[in-house]
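Student: I have a structure to look through today, and I'd like to go over it with you. Could we put it up and take it one question at a time?

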Amino acid sequence: MWRKVTATSFSSLKSSIFFKRLHLQQATKHNAASASAVSRFATVAPLQEKDGRCPFITFVLGGPGSGKGTQCIKIVETFGFKHLSAGDLLRREMVSNSEYGSMILNTIKEGRIVPSEVTVKLILKEMESSDNHKFLIDGFPRSEENRIAFEKISGAEPDVVLFFDCPEDVMVKRVLSRNQGRIDDNIDTIKKRLKVFEALNLPVIDYYAKKGKVHRINAVGTVDEIFEQVRPVFKACEQKALNRS
Ligand SMILES: Nc1ncnc2c1ncn2[C@@H]1O[C@H](COP(=O)(O)OP(=O)(O)OP(=O)(O)O)[C@@H](O)[C@H]1O
Ligand SMILES: Nc1ccn([C@@H]2O[C@H](COP(=O)(O)O)[C@@H](O)[C@H]2O)c(=O)n1
Ligand SMILES: [Mg+2]
């Protein structure tokens with residue numbers, strides 16, 4: 001079980017460097033350039049135990065409405081991953097009386113990106129409390145700052161990056177018919193989210209593509225057709241993921 005294996009490293013991370021640093025960093029402005037993120041987040045010990053085992057991490061990326069969450073449900077059913085949606089974690093934090101509640105609400109309404117410290121903290125907390133060792137981190141990293149914060153604070157990199165590549169008109173249509181009561185599912189916010197995706201998230205996808213980690217999925221088609229492109233990605237790394245447990 002991954003949590004048991006890494007409990008020491010995560011707990012010590014939590015009680016010491018990460019959380020102390022978090023308090024200091026919360027005062028800093030969100031719109032710092034990614035270059036400054038490099039210096040803002042100091043590297044800590046990698047997320048692995050002495051025996052070298054570490055969680056199997058998949059980042060699930062794509063524009064708003066490209067079908068990330070929908071495909072994650074199928075990946076969970078078929079391959080037994082733990083699904084962590086950064087957006088869902090932020091929405092849960094927003095309604096939980098958190099000190100960040102109004103900041104998260106305003107940021108989501110505007111389609112902007114919540115400061116990395118907050119999102120990374122929520123993700124790592126969920127990872128720590130999970131018995132699973134295979135994670136789908138959906139909608140993260142959304143920016144170079146998110147990426148650098150995660151990699152530096154956790155000392156971990158993704159094993160796989162899925163990119164759901166979808167034309168804008170299809171994404172807009174899907175989001176507008178989603179009907180889940182999300183405050184950002186309106187045309188004004190969608191336009192902003194599309195701009196933010198292009199400006200901040202595509203560079204992250206480029207970064208991982210250069211490292212050979214990106215699996216591009218054509219996100220047009222039925223849910224099942226799309227999953228047939230996703231399936232072989234996880235089939236191919238089943239053994240690698242198993243070795244981490
Ligand atoms: N292949 C598909 N064909 C038609 N509709 C789809 C398809 N995949 C997902 N949808 C629908 O499109 C909407 C958006 O999908 P989903 O919530 O999975 O996207 P997402 O990438 O997670 O979006 P966001 O970034 O906004 O959370 C949902 O209503 C979903 O049911
Ligand atoms: N890494 C992230 C992920 C999400 N957000 C904010 O939440 C909104 C909704 O996210 P979804 O993944 O559910 O679409 C998104 O538009 C951002 O405002 C974030 O800040 N950082
Ligand atoms: Mg989603």
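Student: How many residues surround ligand 1?

Tutor: Happy to help, and do keep in mind that this is a predicted model. The closest residues to ligand 1 are G65, K68, T70, R178 and G221. Sorted by class, the shell has 3 nonpolar, 8 polar and 5 charged residues. Ligand 1 is surrounded by 16 residues.

Student: Which residue has a polar side-chain atom 2.5 Å from an oxygen atom of ligand 1?

Tutor: Let's go through the side chains. R182 places a polar side-chain atom 3.0 Å from an oxygen atom of ligand 1, and for R178 a side-chain N or O atom is 2.8 Å from an oxygen atom of that ligand. The contact at 2.5 Å belongs to T70.

Student: How much of the area that ligand 1 exposes when taken alone does the protein bury?

Tutor: Start from the polar contact at 3.0 Å between R182 and ligand 1. Taken alone, ligand 1 exposes 630 Å², and the share of this that the protein buries is 76%.

Student: Which element gives the largest share of the shell around ligand 1?

Tutor: Ligand 1 sits in the largest pocket. Two elements give two or more residues to its shell, α3 (68-79) and α10 (223-236). The largest share is 3 residues, and it comes from α3.

Student: Now for ligand 2: which element gives the most to its shell?

Tutor: The shell around ligand 2 holds 17 residues, the closest being R91, R112, V114, R142 and R193. At least two residues each are supplied by α4 (86-94) and α5 (101-109). The element that gives the most, with 4 residues, is α4.

Student: How many residues in the shell around ligand 2 are charged?

Tutor: Divide the shell by class. There are 6 nonpolar and 5 polar residues around ligand 2. For the charged class, the count is 6.

Student: What share of the accessible area of ligand 2 does the protein cover?

Tutor: Look at the polar contacts beforehand. An oxygen atom of ligand 2 is 2.6 Å from a polar backbone atom of R112, and a backbone N or O atom of V114 is also 2.6 Å from an oxygen atom of the ligand. N146 uses its side chain instead, with a polar atom 3.1 Å from a nitrogen atom of ligand 2. On its own ligand 2 has 450 Å² of accessible area, and the protein covers 97%.

Student: Is H133 buried or exposed?

Tutor: H133 is in the loop between α6 (116-128) and β3 (134-138), and its side chain reaches the backbone oxygen of A241 at 3.0 Å. The cut-off for buried is under 20% relative accessible area. H133 has 10% relative accessibility, so this residue counts as buried.

Student: Which peptide bond is cis, with omega near -5 degrees?

Tutor: Go to the loop between β3 and α7 (144-154), where P141 has its place. The cis bond is the one from F140 to P141.

Student: N97 has a positive phi near 65 degrees; is N97 buried or exposed?

Tutor: N97 lies in the loop between α4 and α5. A residue is exposed at over 50% relative accessible area. The value for N97 is 81%, so N97 counts as exposed.

Student: And what is the relative accessible area of N179?

Tutor: N179 is in the loop between α8 (168-176) and α9 (187-210). Its phi is positive, near 60 degrees, in a residue other than glycine. N179 is exposed, with a relative accessible area of 74%.

Key: Residues numbered from 1 in each chain as written. Chains lettered and ligands numbered in written order. Predicted model: local features only at pLDDT ≥ 70, side-chain atom pairs only at ≥ 80, totals over all residues. Heavy atoms only, no water. Near = heavy atom within 4 Å. Polar contact = N/O pair within 3.5 Å; in protein donor to acceptor, adjacent residues only side chain to side chain. Areas by Shrake-Rupley, 256 points an atom, 1.4 Å probe, with all protein chains shown as cover. Nonpolar A, V, L, I, M, F, W, Y, C, P; charged D, E, K, R; others polar. 1 Å grid on protein atoms, 1.4 Å probe; cavity = no way out; pocket = protein on both sides within 12 Å on 5 of 7 lines; lining within 4 Å. Sits in = over half its atoms within 2 Å of the grid points. Buried < 20%, exposed > 50% of the residue type's maximum accessible area, 1.4 Å probe, protein only.
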